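Student: I would like to go through this model and ask what stands behind each label. Please set the values against the cut-offs.

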Amino acid sequence: MKRDYQGSCHCGAVRFRAALDLDAGTVRCNCSVCAKGRFWLAMVPRDDFELLEGEATLSTYKFGAHNISHRFCTTCGIKPFGHGADGASYAISVATLDDVPPEALAATPVMYVDGKVNAFDRPPAVTSYL
Ligand SMILES: [Zn+2]
């Protein structure tokens, strides 16, 4: 069931609200930036995301085709979310949600995608390290 969550970076300068359904699944990806940042994400449409604080503290990292804005806190370095060029949807870092019990995190389904070879419709051969 979709519900509201509060999220933040480590230092607290960036705070957001996102409505999402953890039972609907989350994603782990092995692409170059997700693997290095250990990004564990849940996708939400723009209307289900609200930045509450911290726009001035956020910076943006783009690479490759520059299609995705990886937003991170310039004080603590944590990446709470990212979004595509059109901003239609947001990838929320599940790890930055502040009010999720560990049992709920453990129970959320995880879909693995092979972003390393741009295959977002199937898992890589090895997923246990992601
Ligand atoms: Zn921060």
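Student: What makes S6 and S7 a pair, and in which sense do they run?
Tutor: Two strands pair if DSSP finds at least two bridges between them. S6 and S7 have 4 bridges, in the antiparallel sense, so the definition is met. One bridge joins Tyr61 to His70 in S7. The hairpin of these two strands has 6 residues between them, and Gly64 takes a positive phi near 60° there. The model is predicted: local features need pLDDT of at least 70, side-chain atom pairs count only at pLDDT 80 or more, and totals for chains, interfaces and linings use all residues. Residues are numbered from 1 along each chain as its sequence is written, and side-chain values use heavy atoms, with hydrogens and water left out.

Student: How do you know that S7 and S8 pair?
Tutor: By the bridge count again: S7 and strand S8 (residues 81-84) share 4 bridges and are antiparallel. Ile68 has Gly84 in S8 as its bridge partner.

Student: Why are S6 and S10 called edge strands?
Tutor: The open sheet has 7 strands in the order S6-S7-S8-S9-S4-S3-S10, with mixed pairing. Strand S6 (58-61) and strand S10 (110-113) each pair on one side only. From one strand to the next, the twist averages 30°; axes here are lines fitted to C-alpha atoms, for helices over the stretch in contact, and angles run from 0 to 180 degrees between N-to-C directions.

Student: What counts as a helix or a strand, and how many of each does the chain have?
Tutor: Both are DSSP runs, numbered from the N terminus: H or I of at least four residues for helices, E of at least two for strands. The chain comes to 2 helices and 10 strands.

Student: Which atoms are the protein donors of the zinc ion?
Tutor: The SG atoms of Cys9, Cys11, Cys73 and Cys76, at 2.3 to 2.4 Å. Donors are N, O and S atoms within 2.8 Å of the metal (3.2 Å for Na, K and Ca); water is not among the atoms, so sites may look incomplete. Along the chain the donors follow the spacing C-x1-C-x61-C-x2-C. Cys11, in the loop between strand S1 (3-8) and strand S2 (15-20), and Cys73, in strand S7 (residues 68-73), are 62 residues apart and link distant parts of the chain.

Student: Why is the arrangement around the zinc ion called tetrahedral?
Tutor: Four donors count as tetrahedral if all angles lie between 85 and 135 degrees. The 4 donor atoms subtend angles of 104 to 119°, so the arrangement is tetrahedral.

Student: Is Cys73 buried or exposed, and what about Cys11?
Tutor: Buried means under 20% relative accessible area, exposed over 50%, partly exposed in between (1.4 Å probe, protein chains only). Cys73 has 1% and is therefore buried. Cys11 has 38%, so Cys11 is partly exposed.

Student: Why is Thr26 called buried, and which residues does Thr26 touch?
Tutor: Thr26 has a relative accessible area of 2%, so Thr26 is buried. Thr26 is found in strand S3 (residues 26-29). Contact means heavy atoms within 4.5 Å. Not counting residues up to four places away in sequence, Thr26 touches Trp40, Leu41, Ala42, Val94, Thr108, Pro109, Val110 and Met111.

Student: How do you know that the radius of gyration agrees with a compact globule?
Tutor: The radius is taken over C-alpha atoms, and the globule rule is 2.2 Å times the number of residues to the power 0.38. For 130 residues the rule gives a value near 14 Å; the chain has 14 Å, so the two agree.

Notes:
Four donors count as tetrahedral if all angles lie between 85 and 135 degrees; four count as square planar and six as octahedral if opposite donors are over 155 degrees apart and all others between 65 and 115; anything else is irregular.
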